[in-house]
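Trainee: Could you take me through one part of this model slowly, and then show me how the rest fits around it? I'm new to this, so plain words please.

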Amino acid sequence: MESPVVLGIESSCDETGAGLVREGRLLGHAVASSMDEHARFGGVVPEIAARAHVHSFTPVVREALERAGLRTADIGAVAVTTGPGLSGALQVGLAGAKTLAFALGVPLYGVHHLAGHVAADTLEHGPLPDPCMVLIVSGGHTSLLLVRDLARDPIVHLGDTIDDAAGECFDKVARVFGLPYPGGPAVDRAAREGDPGAVAFPRPLTGPRDARYDFSFSGLKTAAARWAEQHRLHGEELPLADGAASLQEAVADVLTRKAVAACREHGVGTLVVVGGVAANSRVRALAEERCRGAGIALRVPPLKLCTDNGAMIAAVGDLLVRAGAEPAPLDVSIDPSAPLHHAALHPVATSYRDHVGRTARARQT
């Protein structure tokens, strides 16, 4: 019996995404971004993002269905991001997904946003090897994960960011350099004409006594900002291309060095690099170079699936359906700061009365 068509909804930040997947195949997807509305503020404004999701939800779902050549009645399950992300933005996506699932009489699945990034690669390259090493590099997250069966098994964290993630570093340094938001693509463009060895920026947490697979880009951000300030204090023109290329090289060096080392230590033959920063040209090139030298297979999704999208959430929903996972309860809620332990994320809102009751019971014990 053929698996149902799964509609995926993504609304964790400033992209409203809808995608349709069946048995690992992407049928169609659409994305609406409110990035231009946030650009003048230098970052995402949560209230603007939530309002944009309200306006974009129905048109995006309709466009995804049209691209897939499907009707609403063809949807057999709905998957939606329930965390992490902006609270208001997540609530809009969940409300819309619940409405569709209830109206169609189909099951609803809550999905962890970062698991969606991992699953995005399956839409291009097929099922993930068991095991595989996954490097997630996005605006707010940098993690190194050991993944087995994404739909069934717990996800093992080998390392995570302890302060600024790679994407945050790009965004914040780009602002100091006078580059537009979002910073990652702007730094990548500026770096094309620069010398990646021009500035000796630090490689954080790469010393022998440092946390082996954790990431920290706060110090790199500060070093880049100080470098730019020194040029301006002396009335010198900022060598923007060299600064951007050197910053990008430092980030790519740390990410790929740790990822390849983790593959070697754990005997894993495949590295999967996902998330928005996986679109960075130097990260992709250096990962390819180092994986080739280490005899490791590298998988990176196409650019359209690196940034937030509904297709990746549908991909997780499709895996959960085929694994026989339990759908979300009717009172499923959101968790804006949910840690990544499993692909399915079905948080339930705790009422004030329940909270008071649990607190009182705890005091009695």
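Here is the part I'd like a close look at: where is Pro84 found, and which strand and helix lie on either side of its loop?

Mentor: Happy to, and keep in mind from the start that this is a predicted model. Pro84 is found in the loop that runs between strand β4, residues 75-83, and helix α3, residues 87-104. What makes the spot worth a look is the link leading into Pro84: the peptide bond from Gly83 to Pro84 is cis, and its omega is near -15°. Gly83 is the last residue of β4, going by the range 75-83.

Now find another bend with a cis bond. From Asp130 to Pro131 the peptide bond is cis as well, here with omega near 5°. Pro131 lies in the loop between helix α5 (122-125) and strand β6 (132-137). Helix α5 also holds Glu124. With a relative accessibility of 45%, Glu124 counts as partly exposed. Try drawing a line from Glu124 to Lys98: the two are 26 residues apart along the chain, and their C-alpha atoms are separated by 28 Å.

While we're on backbone angles, let's go to two residues with a positive phi. Glu23 has a phi near 50°, a positive value in a residue that isn't glycine. You'll find Glu23 in the loop between β2 (15-22) and β3 (25-33). Its relative accessible area is 41%, so Glu23 is partly exposed. Leu205 is no glycine either, yet its phi is positive at about 55°. That residue sits in the loop between α7 (183-191) and α8 (218-233). Leu205 has a relative accessible area of 19%, and because buried means under 20%, Leu205 counts as buried.

Glu23 also turns up again when you look at Asp318. Asp318 is found in helix α11, which covers residues 310-322. It is buried, with a relative accessible area of 1%. Set aside the neighbours within four places in sequence, and Asp318 is in contact with Val6, Val21, Arg22, Glu23 and Gly24. So if you start at the loop between β2 and β3, where Glu23 sits, you can follow a contact from Glu23 over to Asp318.

Next, the aromatic rings. A search of the whole structure finds three aromatic pairs. In one of them, Phe201 and Trp227 have ring centres 5.9 Å apart and planes at 85°, so that pair is edge-to-face. Phe201 lies in the loop between α7 and α8, while Trp227 belongs to helix α8, so the pair ties together parts 26 residues apart in sequence. Phe201 is buried at 6% relative accessibility, and Trp227 is buried too, at 15%. Another pair is made by Phe215 and Phe217, and this one is stacked, with 6.4 Å from centre to centre and 15° between the planes. Phe215 counts as buried at 0% relative accessibility, and Phe217 is buried with a relative accessible area of 0%. There's a cluster to spot as well: Phe177, Phe201 and Trp227 make up one aromatic cluster.

Now zoom right out. The protein chain has twelve helices and ten strands. Its radius of gyration is 21 Å, close to the 21 Å that the globule rule gives for 365 residues, so the chain is as compact as a globular protein of that length. Along the principal axes, the C-alpha trace spans about 65 × 60 × 45 Å. Of the 365 residues, 50% count as buried. If you look at contacts with a separation of 6 or more, residues 24 or more positions apart account for 73% of them.

Last stop, the outside and the charges. The accessible surface of the chain comes to about 16,200 Å², and 51% of that belongs to carbon and sulfur atoms. The chain carries 34 positive and 41 negative side chains, and the centres of those two sets lie 3 Å apart.

To get back to your starting point, go to the end of β4 and step into the loop before α3, and there is Pro84, with the cis bond from Gly83 leading into it.

Key. Residues are numbered from 1 along each chain as its sequence is written. This is a predicted model: local features need pLDDT of at least 70, side-chain atom pairs count only at pLDDT 80 or more; totals for chains, interfaces and linings use all residues. Side-chain values use heavy atoms; hydrogens and water are left out. Helices (H or I, at least four residues) and strands (E, at least two) are DSSP runs, numbered from the N terminus. The radius of gyration is taken over C-alpha atoms; the globule rule is 2.2 Å times the number of residues to the power 0.38. Buried means under 20% relative accessible area, exposed over 50%, partly exposed in between (1.4 Å probe, protein chains only). Contact means heavy atoms within 4.5 Å. Accessible areas come from the Shrake-Rupley method with a 1.4 Å probe; for residues, only the protein chains shown count as cover. Lys and Arg count as positive and Asp and Glu as negative; His and the chain ends are not counted. The place of a charge is taken as NZ of Lys, CZ of Arg, CG of Asp or CD of Glu. Rings of Phe, Tyr and Trp (its six-membered ring) pair if their centres lie within 6.5 Å; planes under 30 degrees apart count as stacked, over 60 as edge-to-face and the rest as tilted.
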